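Here is a guided look at one protein model, written for someone who likes to check geometry for themselves. Keep the viewer open and follow along.

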Amino acid sequence: MKLHTFFAAAVVSVVLAGIPALAGPALPSFIALAVADPNRPADQRAMDAERKPIEVLQFADLRRGYKVVDLMPGAGYYTRLFSKIVGPNGAVYALLPTEMDKAAPKNLPSLRSFAGTPAYPNVTVQVQPIANLDIPKGVDMVWTSQNYHDLHDPFMSSPDMARINRAIFDALKPGGTYIVLDHAAAAGTGVSKTNDLHRIDPAAVKAEVTAAGFEYVGESDVLSNPADNHTLPIFDASIKGKTDRFILKFRKPVN
């Protein structure tokens, strides 16, 4: 066995050791290798226990060679993982709205510090006003994590959600996937808790996204937390990092 092959196998084994339910042939090794990437910052690695990236990315079904848009990428937690998963024939577009850059100015320097480097050569950073998103066309996946709710809020200029979701629809290839991961609000609250609690009712997301033409495919409860009663802001010390989160998968119809 060649040395690099042996090392790769060893890394995968170590990553899977703490996840026995996934230790089988169904787990693509490149997902485990992406999580084990030594270039990932320590603060992002520290989030893995709560964010469960292996399980989440298995559900998303991101593949080698894909072109993926990381919409509202924060400091690039998933951007880095996507880069390693899609590989040299894929592309990752970290699309940061101008309004979000103003609200959290530390994220853009973080993204630019690694995008296009030898470790992440397939990553491109784009900064655009939310009202005029020009999403790269013909992509395989659009992903947004823990920020969809923000699109309803005043600091983001409360953009037209129908237009945004339609822009995402138009950017995707037929059969392309749209993933929305966010903090759950109580059932029946719609979008009323996006500004004060930074949460959104999953049913509201389904209604908005399917209205743009998407098919609802399914959801994952891997990040659910029944102990979260949905009444606290996500930044409250007692619930931060442990909120009840949903992951919804939508698909652009082939025909």
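The notes below cover the sheet, the helices on and around it, one acidic residue and the nonpolar core.

## The sheet

Please bear in mind that this is a predicted model. Its open sheet holds 7 strands in the order S3-S2-S1-S4-S5-S7-S6, and the pairing is mixed. At the edges are strand S3 (123-128) and strand S6 (215-220), each of which pairs on one side only. From one strand to the next, the twist averages 20°.

Let's walk along part of that order. Strand S2 (residues 91-97) runs parallel to S1, joined by 5 bridges, and Asp70 stands opposite Ala94 in S2. Strand S1 (residues 67-71) also pairs with S4, again in the parallel sense, over 4 bridges; here Val69 faces Val142 in S4. S4 and S5 are parallel too and share 6 bridges, with Trp143 opposite Ile179 in S5. How many residues of strand S4 (residues 139-145) are buried? The count is 7 of 7, so the strand is mostly covered, taking buried as under 20% relative accessible area.

## Helices on the sheet

Helix H9 (residues 161-171) links two of these strands: S4, H9 and S5 make a right-handed β-α-β unit. At the start of H9, Asp160 places a side-chain oxygen within 3.0 Å of the backbone nitrogen of Ala162. H9 packs on the sheet, touching S1, S4 and S5, and its direction makes about 140° with that of S5. Its buried residues are Met161, Ile164, Asn165, Ala167, Ile168, Phe169 and Ala171. An α-helix has 3.6 residues a turn, so residues three or four places apart point the same way. Among the elements covering the buried residues of H9 are S1, S4, S5 and helix H10 (202-211).

## An enclosed helix

Why can helix H6 (residues 77-86) be called largely enclosed by the rest of the structure? Because 9 of its 10 residues are buried. They are Tyr77, Tyr78, Thr79, Arg80, Leu81, Phe82, Ser83, Ile85 and Val86, a list that includes the charged-type name Arg80 alongside Leu81 and Phe82. Just after H6, Gly87 takes a positive phi of about 75°.

## Asp182 in strand S5

Now for a residue worth clicking on. Asp182 sits in strand S5 (residues 172-183). Is Asp182 buried or exposed? It is buried, because its relative accessible area is 0%.

Setting aside neighbours within four places in sequence, Asp182 is in contact with Gln146, Asn147, Tyr148, His149, Ile200, Asp244, Arg245 and Phe246. With Tyr148 there is a polar approach: a polar atom of the Asp182 side chain lies 3.2 Å from the backbone nitrogen of Tyr148. His198 is 16 residues from Asp182 in sequence, and their C-alpha atoms are 9.2 Å apart.

## The nonpolar core

The largest nonpolar core has 67 residues, and those touching the most other members are Tyr78, Tyr148, Ile168, Tyr178, Val205 and Phe214. Some of these have already come up: Tyr78 is a buried residue of H6, Ile168 is buried in H9, and Tyr148 is a contact of Asp182.

Which residues does Val205 contact, leaving aside its neighbours within four places in sequence? They are Tyr148, Val180, Ile200, Phe246, Leu248 and Phe250. Tyr148, Ile200 and Phe246 also appear among the contacts of Asp182, which ties the core to the surroundings of that buried aspartate.

Key:
Residues are numbered from 1 along each chain as its sequence is written. This is a predicted model: local features need pLDDT of at least 70, side-chain atom pairs count only at pLDDT 80 or more; totals for chains, interfaces and linings use all residues. Side-chain values use heavy atoms; hydrogens and water are left out. A nonpolar core is a set of buried Ala, Val, Leu, Ile, Met, Phe, Trp, Tyr and Cys residues joined through side-chain atoms within 4.5 Å. Buried means under 20% relative accessible area, exposed over 50%, partly exposed in between (1.4 Å probe, protein chains only). Contact means heavy atoms within 4.5 Å. Helices (H or I, at least four residues) and strands (E, at least two) are DSSP runs, numbered from the N terminus. A polar contact is a pair of N or O atoms within 3.5 Å; within protein, one must be able to donate a hydrogen and the other to accept it, and residues adjacent in sequence count only if both atoms are side-chain atoms. Two strands pair if DSSP finds at least two bridges between them. A crossover is right-handed if, with the strands pointing away from the viewer, the path from the first strand over the helix to the second runs clockwise. Axes are lines fitted to C-alpha atoms, for helices over the stretch in contact, and angles run from 0 to 180 degrees between N-to-C directions.
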